[in-house]
Amino acid sequence: MRPLGESEELGFLDWFANLWEGRRFIIASLALFLCFGGLYVWRAAPVYQVQAMLQVQARRTGPSDPAFAKMEGLFSDPTEAQSEVEILQSSMVLGRTVEALNLDLQARPKLIPIVGAALNRGDPEAPRIEVQSFGLPDHLRGQVFGLTALPGGTFRFDSPKGAALGTGEVGKPLSVSYAGEQLELVVQSISAKPGQKFRLERQPVGEALDSLRKNLDVVEKGKLTNVLGLTLKCANPATGVTVLDEIIKQYIRHKIERKNAGATQTLAILKEQLPQVKAKLDDAENRLNRFRSRTGSVDLAREAEAYLQQGSNLSVQITSLEQKKQDLLRTYREDSDVVATLNRQIAQLKAEGGRIDAKVRTLPSAQQEVVRLSREVAINTELYTALLNNIQQLGITSAGEVGGIAVVDPATPDPNPIAPRRAMLMFLFTFLGFLAGIGMAILRKTFSQGIEDHRLIESKLGIPVLVTIPHSKAQEAHWQAMQNGEDGLHLLAALNPDDLATESLRSLRTSLHFSKGRATSQTIMVTGPSPNIGKSFVSGNLAAVLARAGSRVLVMDADLRKGSLHRQFWSKDRAGGLSDVLARMADWEAVVHKTAVPRLDLMMSGSIPMNPSELLMTEAFEELLAKVSKAYDYVILDAPPVLAVTDALIIGSRVDQVLVVAKYGSHPLEELRACLKRLERQGIPVLGCVFNDVQPLRMGGNHTHYRYAYHYRYE
């Protein structure tokens with residue numbers, strides 16, 4: 001039994017041995033995951049990366065105090081770069097990009113499912129199509145139309161349901177009607193064999209935006225640097241460069257539009273005023289010319305010229321302030337301080353102009369008129385010139401404005417794909433396969449009902465395991481020969497004395513020798529809970545081992561229903577045996593056969609009787625056991641299974657000892673428990689258990705002791 005203090009928990013070597021038993025599950029799982037992993041890696045399209053870098057000019061300067069500058073990042077508002085990141089990923093910028101490059105237009109060939117894309121990847125002759133434009137209503141977005149290549153650069157355009165809508169030619173617009181709507185299609189090029197089908201779809205704008213936003217990553221390089229790094233993942237590096245450049249272009253365009261919004265409004269106002277000022281200038285010049293033609297040349301005194309110059313300057317200043325006031329009124333109210341200040345300045349200038357006008361009225365009438373007309377011409381000329389200068393200056397400023405953005409690095413593709421990472425993926429699939437295999441092996445071990453550890457028999461059932469018999473390759477050959485009906489001896493103990501299973505049977509022989517004590521003879525029944533567990537193998541080979549040790553042994557096939565013990569000795573039928581003796585149709589000495597093993601005799605089961613149990617319950621069976629016990633040192637009875645029929649209980653009640661055979665991995669613990677309980681209820685003594693056909697492991701673990709054997713050969 002288990003020594004005191006021995007733990008029932010499995011150690012590291014025990015777990016390793018259990019995993020080794022499930023190595024087929026692990027290898028199969030590993031192979032399956034490697035196949036799936038290889039297929040996935042082979043099918044996965046390479047993903048490239050395109051990068052660019054922008055610098056955003058900050059709107060405000062840093063603090064003058066260096067000590068405070070170190071702490072600004074803790075208390076300041078989000079940086080300029082953080083807001084620009086959101087703008088770059090906004091629907092406005094990305095939407096303009098999608099619209100400019102038709103990124104919502106999907107045109108791809110129909111290929112073999114699962115492997116078609118991988119087979120055509122990198123093939124210059126793979127089917128290709130380029131669609132220049134595909135106009136359709138918004139409610140038809142997301143529907144997949146069909147297109148079939150035809151000979152001579154033509155194609156057939158099909159509806160989502162497969163109906164032909166029309167036939168077109170490459171490079172020429174095709175207009176068709178579908179569901180009451182007009183569709184416009186222009187195919188730029190087709191490279192495919194006639195009959196090749198393509199899928200044509202205009203994605204909803206939201207899906208196209210989400211797809212582009214998912215592949216675009218914008219981050220600030222460092223902290224408070226206002227330098228933005230743009231990264232775009234794509235399947236084609238050239239296409240990725242085009243898309244990222246367009247994103248930057250649309251972003252800069254947005255910044256310029258926002259920056260020039262006020263200047264644009266001012267420019268529009270100035271352009272509206274320009275014709276009016278020009279008309280006033282022309283009118284003033286005409287009136288001055290007419291007056292001089294009518295009155296002749298009038299020379300102005302030096303004082304009059306000074307009045308003219310002062311009045312012109314004041315009029316220009318007043319006009320300029322009034323324009324400035326109109327601009328401010330778009331932002332401020334009339335009663336605001338800024339507007340009130342301008343009003344005071346305008347009032348002061350007008351008052352000064354009134355004083356100059358009063359001085360002009362003191363001049364002669366002809367000089368007064370010339371001064372007045374000349375001043376109007378000068379004022380309108382100044383205004384017209386100022387308007388032209390302002391318009392020109394605003395135009396130059398708008399053209400040169402870049403919105404505070406500097407492109408540090410233009411879009412540059414990475415020549416090496418960033419995905420899939422084949423080595424990492426294969427390692428991951430290998431790990432998952434190994435993990436899944438271990439899981440299946442553990443589940444198999446957990447839910448396996450067969451006993452695979454003899455210690456469970458000893459600890460749970462309280463019966464000693466006398467010997468563990470390892471699986472024998474040689475016995476497999478003998479069993480196959482018996483199945484084929486080959487004649488001759490098929491006893492492992494006789495033909496393979498150096499086999500480990502034979503050595504285990506010698507250990508069992510030793511146990512029987514010490515249990516026999518001083519008795520001159522011993523009758524032993526070999527049984528088990530169910531069929532096909534090796535009872536006949538143990539009975540025949542145990543008898544051979546006992547006979548080779550010098551004992552006189554009779555092995556008796558007590559399975560009157562399906563007796564097959566005789567096949568280990570010859571190919572004769574079972575007629576003439578135990579059932580005939582019990583039926584008093586033959587004498588026991590007449591049905592005992594000498595075997596090829598010295599001192600070993602065999603009594604076969606005999607012809608199949610109608611009432612096996614009743615024959616075993618007769619006095620003839622008890623008399624037979626008494627007679628053969630006197631003639632032999634050991635009588636080994638190969639009995640039927642305990643749980644199948646009652647024959648074993650009848651036989652066990654009349655023998656000295658009982659050996660219960662259990663097969664490795666074949667019996668639930670409860671089945672063996674039920675077998676022992678039946679024997680116990682009948683008061684049948686059980687010497688111990690024989691654990692048969694144990695699958696030995698070479699690397700250690702909870703079955704290493706099954707390999708304990710001294711290898712030798714008989715000379």
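The following questions and answers deal with pockets and nonpolar cores in a predicted model.

Reader: What volume does the largest pocket have, and which residues are closest to its centre?
Author: The largest pocket has a volume of about 2000 Å³. Its lining is made up of 42 residues. The closest to the centre are Gln106, Ala107, Ala235, Asn236 and Thr239.

Reader: How many residues of each class are in the lining of the largest pocket?
Author: Elements that give two or more residues to this lining include helix 5 (91-101), strand 3 (128-135) and helix 8 (237-259). By class, the lining has 23 nonpolar, 12 polar and 7 charged residues.

Reader: Which element gives the most to the lining of the second largest pocket?
Author: This pocket, with a volume of about 1000 Å³, is lined by 33 residues, and Trp479 is one of those nearest its centre. Strand 13 (465-470), helix 15 (473-483), helix 18 (535-548) and strand 20 (688-694) each supply at least two lining residues. The one that gives the most, with 5 residues, is helix 15.

Reader: Which helix gives the most to the largest nonpolar core?
Author: The core has 46 residues, and those that touch the most other members are Ile457, Met556, Met603, Leu637 and Ile651. With 5 residues, the element that gives the most to this core is helix 21.

Reader: With which residues is isoleucine 457 in contact, leaving aside neighbours within four places in sequence?
Author: Ile457 belongs to the largest nonpolar core. Leaving aside those neighbours, its contacts are Ile451, Gly462, Ile463, Val465, Ala662, Leu672, Cys689 and Phe691.

Note on methods. Residues numbered from 1 in each chain as written. Predicted model: local features only at pLDDT ≥ 70, side-chain atom pairs only at ≥ 80, totals over all residues. Heavy atoms only, no water. 1 Å grid on protein atoms, 1.4 Å probe; cavity = no way out; pocket = protein on both sides within 12 Å on 5 of 7 lines; lining within 4 Å. Points joined across faces, edges and corners; volume = space filled by probe spheres on them. Helix = DSSP H or I, 4+ residues; strand = E, 2+ residues; numbered from the N terminus. Nonpolar A, V, L, I, M, F, W, Y, C, P; charged D, E, K, R; others polar. Core = buried A, V, L, I, M, F, W, Y, C linked by side-chain atoms within 4.5 Å. Buried < 20%, exposed > 50% of the residue type's maximum accessible area, 1.4 Å probe, protein only. Contact = heavy atoms within 4.5 Å.
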